Amino acid sequence: MASRTRNITIDQGSDYSESFTVYASPSATAKLSLTTDHYANAQMRKSSLHTNSAMTFNVSISTSADTITLKANNAITSGVKGGRYLYEVVLTNTFVGPPEKTRVLEGIAT
């Protein structure tokens with residue numbers, strides 16, 4: 001499954017929270033059915049060449065709405081220098097063995 005692209009804006013020093021619907025594929029209109037077997041991680045990096053993250057989001061999953069919510073409080077966002085970053089959301093399905101990881105969302109974070 002390939003990821004969807006969506007650019008986001010985060011105000012430095014402010015709380016950030018945004019929910020995203022997860023789809024079965026980039027061109028699909030059908031939602032991916034999220035279960036308690038899924039968990040997600042999300043990070044921001046200065047570029048795809050950087051191995052260290054500039055910021056890690058707190059991530060929650062709503063299985064009833066099939067959405068992923070990214071959050072970062074003002075203490076976290078104030079520590080990030082202004083500029084353009086790449087971010088990605090990786091969904092892990094633990095129902096299958098070994099766990100299957102899929103990038104479901106990515107884009108530019110300004």
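This section describes the sheet, the nonpolar core, a buried acidic residue and the salt bridges of a predicted model.

The strands β1, β8, β7, β3 and β4 form, in that order, an open five-stranded sheet with mixed pairing. Its edges are β1 (4-5) and β4 (55-56), each of which pairs on one side only. Within the sheet, β7 (residues 85-93) and β8 (residues 100-109) run antiparallel to each other and are joined over nine bridges. L91 has T102 of β8 as its bridge partner.

In soluble globular proteins, nonpolar side chains tend to be buried together. In this model the largest nonpolar core comprises 23 residues, of which M44, F57, I68, L70, Y87 and V89 touch the most other members. Two or more residues are given to this core by each of β2 (16-21), β3 (38-45), β6 (67-72), β7 and β8. The largest share comes from β7, which gives four residues. The surroundings of F57 were examined further. Apart from neighbours within four places in sequence, F57 is in contact with I8, I10, Y16, A42, Q43, M44, L70, K71, A72 and Y87.

An acidic residue, D66, is found in the loop that connects β5 (58-62) and β6. D66 is buried but takes part in no salt bridge. The nearest side chain of opposite charge is that of K31, at 5.2 Å, which is beyond the 4 Å limit applied to salt bridges. A polar atom of the D66 side chain does, however, lie 2.9 Å from the backbone nitrogen of L34. Leaving aside neighbours within four places in sequence, the contacts of D66 are F20, T21, V22, K31, L32, S33 and L34.

Side chains of opposite charge can pair when their charged atoms come close. The model contains three salt bridges. One of them joins E18 to R6, with the closest N and O atoms 2.8 Å apart. This pair links distant parts of the chain, since E18 belongs to strand β2 and R6 to the loop between β1 and β2, twelve residues apart. R6 is partly exposed, at 37% relative accessibility.

A further salt bridge is formed by E88 and R103, at an N to O distance of 2.7 Å. Because E88 is in strand β7 and R103 in strand β8, this pair ties together parts that are 15 residues apart in sequence. R103 also meets E106 in a salt bridge, at 3.5 Å from N to O. Through shared partners, E88, R103 and E106 are thus joined into one network. Each of its members is partly exposed, with relative accessible areas of 24% for E88, 38% for R103 and 26% for E106.

Technical notes:
Residues numbered from 1 in each chain as written. Predicted model: local features only at pLDDT ≥ 70, side-chain atom pairs only at ≥ 80, totals over all residues. Heavy atoms only, no water. Pairing = 2+ DSSP bridges. Core = buried A, V, L, I, M, F, W, Y, C linked by side-chain atoms within 4.5 Å. Buried < 20%, exposed > 50% of the residue type's maximum accessible area, 1.4 Å probe, protein only. Contact = heavy atoms within 4.5 Å. Lys, Arg positive; Asp, Glu negative; His and termini not counted. Polar contact = N/O pair within 3.5 Å; in protein donor to acceptor, adjacent residues only side chain to side chain.
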